[in-house]
Amino acid sequence: MTDAISLHTERLILRPWKPTDLEPFYRLNSDPHALRFYPATLDREQSDAIALRSQSLIEEHGWGPWAVELKEKGAFIGMVGLNRPTAELYFQPCVELLWRLLPEYWGKGYATEAARACMDFAFNELDLEQIVAYTAQLNRPSQTVMQRLGMTKQPGTFAHPGVPVGHQLVPHVLYTQDRKDWSPSA
């Protein structure tokens, strides 16, 4: 076990999970609109399992998929962080950048702000050479965040092994960011 790290941005705190985060996280994970680019919504048990696994990773490594809190209100707004994917992906081993925010916080730049802090941490504190982000090819909003971060879209698509065969969300796109090309103000 190591010391859990929190990241601070102008408007956000990326921090370890609290029991009070579970209810709004479930609200996010059970919302069909919020998870329209995922194969299915989650029930409470599945949602809690993600939060608990995220907290476990933070306790183990000091970092992981953090709970995100709005400084101004102290409100939980979602999850943003770094993760080592467990799915069998052709670009493994890797550390991925991920985010999932409650819809009422979309369009305010929070995902980009939090993700930028994670990338800065990954390159400057963890000394990683590369960060990846991937999403369903249909997920234009997340691809826009990846582009705002200065990430590079890799050619083609790949079939995500966690999506049921034949599902419209099977084709995924991969974006990468190399440390040598990273600029926090990108």
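What share of the contacts in the chain between residues at least 6 apart in sequence join residues at least 24 apart? The share is 63%. The notes below concern a predicted model.

1. Overall fold. The chain contains 4 helices and 9 strands. Read from the N terminus, the order of elements is β-β-α-α-β-β-β-α-β-α-β-β-β. The chain therefore begins with two strands and ends with three.

2. Dimensions. For 186 residues, a compact globule would be expected to have a radius of gyration near 16 Å, and the chain agrees, with 16 Å. The C-alpha trace spans about 40 × 40 × 35 Å along its principal axes.

3. Burial and surface. Half of the chain is covered by the usual criterion: 50% of the 186 residues count as buried. The exposed area of the chain is about 9400 Å², and carbon and sulfur atoms supply 50% of that area.

4. Charge. There are 18 positive and 22 negative side chains in the chain. The centres of these two sets lie 7 Å apart.

5. Aromatic pairs, F25 and F76. The structure holds 11 aromatic pairs. One of them is formed by F25 and F76, with an edge-to-face arrangement, 6.2 Å from centre to centre and 85° between the planes. F25 belongs to helix α1 (residues 22-29) and F76 to strand β4 (residues 75-83), so the pair ties together parts that are 51 residues apart in sequence. Both partners are on the buried side of the 20% cut-off: F25 has a relative accessible area of 0%, and F76 has 8%.

6. Aromatic pairs, W66 and F121. A further edge-to-face pair is made by W66 and F121, at 5.8 Å centre to centre and 80° between the planes. This pair also links distant parts of the chain, since W66 sits in strand β3 (residues 65-70) and F121 in helix α3 (residues 110-124), 55 residues apart. W66 and F121 are both buried.

7. Aromatic cluster. Y90, F91, Y134 and F158 make up one aromatic cluster. Anyone viewing the model can display these four side chains together.

8. P24, in the helix that also holds F25. P24 is located in helix α1. Its relative accessibility is 16%, so P24 counts as buried. Beyond its neighbours within four places in sequence, P24 is in contact with F76 and L102. F76 is thus a residue that P24 contacts and also the ring partner of F25. The C-alpha atoms of P24 and W99 are 15 Å apart, with their positions 75 residues apart along the chain.

9. T112. Helix α3 carries T112, as well as F121. T112 counts as buried because its relative accessibility is 9%, under the 20% limit. Setting aside residues up to four places away in sequence, T112 touches V145, R148 and L149.

10. L138. The loop between β6 (130-136) and α4 (140-148) contains L138. With a relative accessible area of 43%, L138 is partly exposed. Apart from residues up to four places away in sequence, L138 touches F37, Q168 and L169. L138 and C118 are 20 residues apart along the chain, and their C-alpha atoms are separated by 24 Å.

11. Backbone points to check. Most residues other than glycine have a negative phi, and most peptide bonds are trans. Two places in the model deserve a look on that account. The peptide bond from Q92 to P93 is cis, with omega near -5°; P93 lies in the loop between β4 and β5 (96-101). D127 is not a glycine, yet has a positive phi of about 60°. D127 is placed in the loop between α3 and β6 and is partly exposed, at 49% relative accessible area.

Notes. Residues numbered from 1 in each chain as written. Predicted model: local features only at pLDDT ≥ 70, side-chain atom pairs only at ≥ 80, totals over all residues. Heavy atoms only, no water. Rg over C-alpha atoms; globule rule 2.2 N^0.38 Å. Buried < 20%, exposed > 50% of the residue type's maximum accessible area, 1.4 Å probe, protein only. Contact = heavy atoms within 4.5 Å. Areas by Shrake-Rupley, 256 points an atom, 1.4 Å probe, with all protein chains shown as cover. Lys, Arg positive; Asp, Glu negative; His and termini not counted. Charge placed at Lys NZ, Arg CZ, Asp CG, Glu CD. Phe/Tyr/Trp six-rings, centres within 6.5 Å; stacked < 30°, edge-to-face > 60°.
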